[in-house]
Amino acid sequence: MASRILYLFDQDLRLSDNHALMQACLQACLQAGLLQLVAYLPDNNQGDRFGNLMLGEHRRRFLLESLHHLQQSLSYPGHHLELITGDWLTGMVQLVRACRADKLFCSRPQGYWERRRLKALQQQCGGLEIVQLDTDTLFQHALLPFNHLDFPRSFSKFRTLADSKLKVSEPLLSSGHWPSAISKVRLTPQLPELTATVSSGYIGGESQGMANWQAYLASGHAQSYKETRDRLDGWYQSTKLSPWLASGCLSVRQVWHQLRDYETRWGANASTGWIAVELLWREYFHWYGHFFPKALFLQKGRSGQGLTGCFYPERFRKWCEGNTPWPVVNACMNQLNQTGYMSNRGRQLVASALIHEMGIDWRAGAGYFQQQLVDFDLPVNWGNWQYIAGAFGGQQPKHFDLAWQTAKHDPAGEFVRLWRGDKADEQLDHTDAADWPC
Ligand SMILES: Cc1cc2nc3c(=O)[nH]c(=O)nc-3n(C[C@H](O)[C@H](O)[C@H](O)COP(=O)(O)OP(=O)(O)OC[C@H]3O[C@@H](n4cnc5c(N)ncnc54)[C@H](O)[C@@H]3O)c2cc1C
């Protein structure tokens, strides 16, 4: 019997170099089967225990733009994108049944809950075969020279292994063969219309991501990346790849090979090499999340070490609103709240302030980043927070001297003025006078 295949887009919102999508198409074509494509748009009304939403406005808009772009690209081979909103499991079970699907192809989920819900789907749809493939890493799982038992304890050990034993395979060329759709009519609601427009450059979609990356390479700024990457602001201060990598609008392997081609053509130097190092950091956190999906969310991480913060609601609200005694922290938080983006140095400073100056549980800050960042990437975000809190293992907590960092990275105070970091409360805690005896 011809197979009926569902393909679920998740953190792989693209057509090029999409290994899992290609396998789904290939299997359906070889067996004269049919294919249906589906994506999930989470609601932005689910919160965590600190009051953070799982999905904020910036990323929701970016995801919606990416899905519209994907839908348009899929219309050329005669496909459309079904959409699940609301409860993932209910929606997926209904779609599997409506399509009478016997196989589901998808990217291997990054998160612990995302893995659990795939298992729940399999239990509820007896007979459904689920095929999960890696689409968001440089290296293939099967070729890794370590597992959870001997996972490298430091990035430098990982980097040495990567340099000596691993190879980034060439991106796949699209076969161009598309099987027919299971259903020509829509089974689920249409994608919501795009309403909000943005003035920032972070516009979702595969072609927008590729255009930005090509423009960055053409600008020549890759040659000085190492000198500029720690700046607090500026479009070409760093590559700005992150929103498109995090959503899978861009393939990290494609980016890697284009960087290597650029080096062959225009010359390699310490800066171009450092972009590759940062992509390896991303890779390190992704495999950490893969092998230790639960530890990523533990206050003391996998190592059982690190600082134990508390939750002070007033302090946390002030941090979120950019209303702390530290102008540089306020400026960074205002930038994040308005644009959905913050530089890497900014992220380090505000995380250090939350953990070390304010004594707050780092997970509250990681949850706020999850809500606000346009480039939220589960293992990269939670891994970096653990790193600064000293919970990642194998290193001390990272405590940044805010006055020194401000003098170094914003000597004339331009960044703080631009993002109104000086308009803030100089006092960290307030006590209600009514609480004090006369
Ligand atoms: C507390 C904290 C939270 C963070 N949360 C996220 C997140 O949710 N999503 C995210 O993509 N990045 C996160 N980062 C990493 C980093 O800040 C961003 O990747 C970077 O600022 C994005 O801008 P860019 O693409 O111009 O980076 P570039 O400096 O141009 O780097 C190129 C790429 O390398 C990777 N990269 C760079 N820095 C890091 C890093 N420190 N760790 C892992 N990968 C890195 C990213 O994929 C990035 O797009 C976080 C860092 C910190 C300190």
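Helices, as named in this tour, are DSSP runs of H or I with at least four residues, numbered from the N terminus. The model is predicted.

**The ligand and its shell**

Select the ligand first, together with the 29 residues that surround it. The closest of these are S238, T239, S242, E278 and N381. Next, colour helix 8 (242-246), helix 10 (270-291), helix 13 (344-357) and helix 15 (378-389), each of which supplies at least two residues of the shell. Which helix gives the largest share of the shell? Helix 10 does, with six residues. Colouring the shell by residue class shows 14 nonpolar, eight polar and seven charged residues.

**The domains**

Now display the whole protein chain and colour it by the domain assignment: domain 1 (4-135), domain 2 (137-169 + 207-291) and domain 3 (313-429). The ligand shell draws at least three residues from domain 2 and at least three from domain 3.

Turn next to domain 1 and domain 3, whose centres, taken over C-alpha atoms, are separated by 33 Å. In the contact of these two domains, 11 residues come from domain 1 and 13 residues from domain 3. On the side of domain 1 that touches domain 3, there are four nonpolar, five polar and two charged residues.

Select residues 3-138, where an unreviewed UniProt entry places the feature "domain: Photolyase/cryptochrome alpha/beta". Over this stretch the chain is 41% helix and 20% strand, and its end C-alpha atoms lie 30 Å apart.

**The chain as a whole**

Zoom out to the full protein chain, which has 17 helices and six strands. The C-alpha trace spans about 80 × 60 × 45 Å along its principal axes. For 438 residues a compact globule would have a radius of gyration near 22 Å, and the 23 Å of the protein chain agrees with this. Of the 438 residues, 42% count as buried. Among contacts between residues at least 6 apart in sequence, 79% join residues at least 24 apart.

**Helix 14**

Select residues 362-372, which form helix 14. How many of its 11 residues are buried? The count is 11 of 11, and the helix is mostly covered. Among the buried residues are W362, R363, Y368 and F369. To see what covers them, show helix 2 (57-75), helix 11 (313-321), helix 12 (327-339), helix 13 and helix 15, which are included in the cover.

**V252**

Move to V252, which is placed in helix 9 (residues 252-266). Is V252 buried or exposed? V252 counts as buried because it has 22 C-beta neighbours inside 10 Å. Leaving aside residues up to four places away in sequence, V252 touches D136, T137, L138, L245 and L279. A distance drawn from the C-alpha atom of V252 to that of G267, 15 residues along the chain, comes to 21 Å.

**Two residues with positive phi**

Most residues other than glycine have a negative phi. Two stops illustrate the other sign.

Select D17, in the loop between strand 1 (4-9) and helix 1 (19-30). D17 is not a glycine, yet its phi is positive, at about 45 degrees. With 22 C-beta neighbours inside 10 Å, D17 counts as buried.

Finally, select A32, in the loop between helix 1 and strand 2 (34-40). The phi of A32 is also positive, near 50 degrees. Why is A32 exposed? A32 is exposed because 11 other C-beta atoms lie within 10 Å, and a residue with 12 or fewer counts as exposed.

Notes: Residues numbered from 1 in each chain as written. Predicted model: local features only at pLDDT ≥ 70, side-chain atom pairs only at ≥ 80, totals over all residues. Near = placed C-beta within 6 Å. Nonpolar A, V, L, I, M, F, W, Y, C, P; charged D, E, K, R; others polar. Domains from an automatic or database assignment. Contact = placed C-beta atoms within 7 Å. UniProt positions renumbered as here; feature names shortened; annotations may be inferred. Rg over C-alpha atoms; globule rule 2.2 N^0.38 Å. Buried ≥ 20, exposed ≤ 12 C-beta atoms within 10 Å, placed from the backbone.
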